[in-house]
Amino acid sequence: MIFDGHVHQLPDIDPVETGEWLDSLDAVVDVHGKNRARYLLSRLMERARASQVSFPATVSTPYVNTIPRDEEPWFPGDEHIERRIRAFIRWNAAAMVVKANKAADGIGGHLSTFASSAALYEIGFNHFFRGKDDGTPGDHVYFQGHAAPGVYARAFLEGRLTEDDLDHFRRELGRGGRGLSSYPHPRLMPDFWEFPTVSMGLGSLTALYQARYNRYLQNREIDDTSGSRVWAFLGDGECDEPETLGAISLASREQLDNLVFVVNCNLQRLDGPVRGNGKVIQELEATFRGAGWNVIKVVWGSKWDDLLAQDKDGVLLNKMNTTVDGEFQRYATEPGGYARDHFFGPDDRLRQMVSHLTDDDIRNLPRGGHDYRKLYAAYKAATDNLGSGRPTVILAKTVKGWTLGEGFEGRNSTHQIKKMTKMQMLEMRDRLHLQDEIAEDEVDDKNPPYIKLGTNSIEYQYMMERRKALDGSVPQRTTHVRKPMSLPDPATYSEMWAGSNGQEVSTTMGFTRLLRSLTRDELVGERIVPIIPDEARTFGMDSLFREIGIYASQGQKYEPVDHDLLLSYAESRKGQILEEGITEAGAMASFIAAGTSYATRGVPMIPFYTFYSMFGFQRVGDLIWQAADMRARGFLMGATAGRTTLMGEGLQHQDGHSLVLASTVPAVQAYDPAFAYEVGAIVDAGIKRMYGGGAPDETDVFYYITLYNENYGMPARPDRAGIAEAIVEGLYKWADAPAGKGLKLATIMFSGSAHGAAREAVNELAEHYGVGAELWSATSYKALREEGLSAERHNRLHPSGEKRVPRVTQILADAQGPITAVSDFMVSVPEQVLRFLPGRTFIPLGTDGMGCSDTREALRRHFEVDTGHVVVAVLSGLFRDGAVDASVVEDAIRRYDIDPDAIDPFIV
Ligand SMILES: Cc1ncc(C[n+]2csc(CCOP(=O)(O)OP(=O)(O)O)c2C)c(N)n1
Ligand SMILES: [Mg+2]
């Protein structure tokens, strides 16, 4: 407790003696220096431990407020009016949820989360959160997802939402899809919510990287972000998610004093206590403090200050320190007499301390998170902390369900309760002193009234004046562009169109060249954000280090070991590459920050996040979903793609399914290109689509593009009208069948690196089996499927209207014979178009199975996607169609040395 300045919270029973000790220390420092002083202190600590003088660890302080009463700042607001406003919002939030569940039983919603955090938000709304009305992006506020009812309730009082809006909470499909979303979802309420948070842990992670991204923009001199603070509101239970705390050391390392976490420590999560047997606030304090954060605990409300001041023997402090959260939760549910007996009671000195208080007084000794002045002091300290280089976390102790009444406060079931009886509503009304606003006969449990404020009411005027002073309402999402961006010069892509002139390169190398060209582009160069999680060398992107620099907020304080090399590890304050280290989640959070920059900051940026494709969708799938919710734009580049192309790495690295996972995210445009010019065409079209100024439904997408590390000659872009569109639409003819008389006809579709087997198979089929196979490049089965489904839906719902033919059906109408599809991904990838090819023989080959390590050749044989297997598949299709005999297929099986009884790779 002597650490971090907390000694001032304890009574000094002998100031003279204290003075002597301090003078001695000063003298040692003066005469013998700091080292000697340190030594003596260490010896004293050693002795203290030996004498059993207990001593808290340096990372935690006693269970009291960090800011003592006499250091609290003057409170500039009108506490009475703010309390009224808070009560109105509390009431309306509860009424909205109760009504929703009466109107549609089971529709859900949460009462208790916001009830515990109302003051945490209101202090922000009235005094801290900056809006955008001055033309700046203001603060970035991440609301706790389950507290959404409170945010709607305030927007209603501010006149931003109507009663009809509140009546459509969680009923979004009426009124043209304009209800209120259950949680913060920019996808559903694009003018209101900015940051999706409700998947626990993602809000805090993305908030942290948003704060870092703001510094990136600042240091690169692209945007002045100094006026924006990032506020993230989290639950204490949520802190158990690895994503919540997993990146906090980055915040201190990057000196993000523009970041404030507010943890609503109501000691409960969904099922029960967060740490019944421990103290979550103490645990979080140690974690954050250890990570270098500025920690502000707001544990006790003002009325406790008097008691602490009397605590000469430290018995109260000791009781506070030793009472576990499970007990504190119990005190919130019992009458004051219980705490008198169990908290104060066992020790006579403590019992004496509260003898002048009634049981009700004791019960009403509030927790810090419900004490407006304490919160103001904490938020003020957090904002004053700017310049210190330390991010701040405020740990505010609250009661879950506070003011909702006995059935709610501190109950283990409180998170899930959505309904209130009339009696409960009346109890809440009285508790909030709203008798003058709501008459008893108005209250019923079906249709409780909302409190509305006339524009002349002092509460309304006060509230609006406060918001005006803080530049307008929050939250509010806009897409107003503050710093316009042009599209790249078409010449940027010319290298991609030209092909590699016989040189063997991979699509990854092709993409890296494209990325470099884009960063050199006069028009958009500075807006490109390359993001890599410690894999640049794997992808050959280390060539960019020196040229565009690795972003480092501190610059480079050392001469790198490879300084004399052309490709040295060059860090710089103005570096463009976000080299994230080994954190796909962090890299994805950066992608989200950059990909939503067009909205959050009005500064469009184009992120290219390149990663091991295996560690994309399956590793950070929920963040990708969040990116889609947040309307992120940009490119996810799934490098080292394919189950057989990346050789040697085995089961955990060889990806044959990210395209299946990508198919589940509507906003994702998934591509599996074979050649550099296809990559170029997709990127070109993608940038135009996302940044070319179309309607949000069109623009608010992002791309997933696979990249392979197999080298081969990159052909030039076919010189054909409409080729660029065809590549983007997902399928185009790549080569006609070889000419020859009497050839039996067939079709092979390839994607990505499987083009090699497909092309060889064409030659083999012509040479040995008299089969002429035409080749098609399938760049996006997802795009084909989605278009097909939409045509199918149209036809289903317009039976007598003009029939739409799915694009893939049309395109393949002229493709000859049975269709064999081959890729380095699971069969379900090409199968996405099967339903649109009725009556066609369709044989998809794919790499289903867990995978193992070997050479490409061995793996392709194992997964049955090599040349021999493609030939056999084509012949088996012809056999199925009656064009050849079974013996022909058997001949090929022999010719390519295929063991028909080999173990099925799926079960290996
Ligand atoms: C990733 C994820 N897992 C589970 C849930 C379900 N869930 C919603 S709220 C909640 C408990 C939240 O507790 P806490 O973070 O303490 O918030 P409080 O409501 O107590 O403020 C859980 C488990 C979720 N939303 N996200
Ligand atoms: Mg909680």
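Which residue has a side-chain N or O atom 2.8 Å from an oxygen atom of ligand 1? The residue is Q144. This contact belongs to a predicted model, and the account below begins at ligand 1, passes to the metal beside some of the same residues, and then visits separate places along the chain.

Ligand 1 has 18 residues around it, and those that come nearest are T113, Q144, D236, G237 and K400. The shell of residues comprises three nonpolar, ten polar and five charged members. Beyond the contact made by Q144, a polar side-chain atom of N264 is placed 3.4 Å from an oxygen atom of the ligand. Q268 takes part through its backbone instead, with an N or O atom 2.9 Å from an oxygen atom of ligand 1. Considered alone, ligand 1 exposes 590 Å², of which the protein buries 76%.

Two of the residues just named also serve the magnesium ion, ligand 2. The ion is coordinated by D236 through OD, by N266 through OD1 and by Q268 through O, at 2.0 to 2.2 Å. Along the chain, these donors follow the spacing D-x29-N-x1-Q. D236 lies in the loop between β2 (230-235) and α9 (242-245), while Q268 lies in the loop between β3 (259-265) and α11 (280-290), so the pair ties together parts that are 32 residues apart in sequence.

Are D236 and Q268 buried or exposed? D236 counts as buried because its relative accessibility is 2%, and buried means under 20%. Q268 also has a relative accessibility of 2% and therefore counts as buried.

Further along the chain, two serines may be taken together. S500 is located in the loop between α21 (494-498) and β6 (504-505), and S506 in the loop between β6 and α22 (507-520). With a relative accessibility of 12%, S500 counts as buried; S506, at 3%, likewise counts as buried. The side chain of S500 reaches the backbone nitrogen of M714 at 2.7 Å. When residues up to four places away in sequence are set aside, S500 touches V505, Y712, G713 and M714. With its neighbours within four places also left aside, S506 is in contact with Y708, N709, E710, N711 and M714. M714 thus appears in both sets of contacts. A longer separation is found between S506 and K803, which are 297 residues apart along the chain and whose C-alpha atoms are separated by 42 Å.

V762 offers an example within a helix, namely α31 (residues 755-769). At 8% relative accessibility, V762 counts as buried. Not counting residues up to four places away in sequence, V762 touches P738, I748, A773 and L775. V762 and K132 are 630 residues apart along the chain, and 61 Å separates their C-alpha atoms.

How far apart in space are G314 and L10, C-alpha to C-alpha? The distance is 7.7 Å, although their positions lie 304 residues apart in sequence. G314 itself is found in the loop between α12 (303-309) and α13 (315-322). With a relative accessible area of 23%, G314 is partly exposed.

Finally, certain places in the backbone deserve attention. V474 and P475 are joined by a cis peptide bond, with omega about -5 degrees. P475 is situated in the loop between α20 (458-469) and α21. Q52 is a residue other than glycine with a positive phi, near 60 degrees. The loop that holds Q52 runs between α2 (34-50) and α3 (79-103). R631, which is not a glycine either, has a positive phi of about 65 degrees, and lies in the loop between α26 (617-629) and β12 (634-639). As to accessibility, Q52 is exposed, with a relative accessible area of 71%, whereas R631 is buried, with a relative accessible area of 7%.

How values were computed. Residues are numbered from 1 along each chain as its sequence is written. Chains are lettered from A and ligands numbered from 1 in the order in which they are written. This is a predicted model: local features need pLDDT of at least 70, side-chain atom pairs count only at pLDDT 80 or more; totals for chains, interfaces and linings use all residues. Side-chain values use heavy atoms; hydrogens and water are left out. Donors are N, O and S atoms within 2.8 Å of the metal (3.2 Å for Na, K and Ca); water is not among the atoms, so sites may look incomplete. Helices (H or I, at least four residues) and strands (E, at least two) are DSSP runs, numbered from the N terminus. Buried means under 20% relative accessible area, exposed over 50%, partly exposed in between (1.4 Å probe, protein chains only). A residue is near a molecule or strand if one of its heavy atoms lies within 4 Å of it. A polar contact is a pair of N or O atoms within 3.5 Å; within protein, one must be able to donate a hydrogen and the other to accept it, and residues adjacent in sequence count only if both atoms are side-chain atoms. Accessible areas come from the Shrake-Rupley method with a 1.4 Å probe; for residues, only the protein chains shown count as cover. Ala, Val, Leu, Ile, Met, Phe, Trp, Tyr, Cys and Pro count as nonpolar, Asp, Glu, Lys and Arg as charged, and the others, Gly among them, as polar. Contact means heavy atoms within 4.5 Å.
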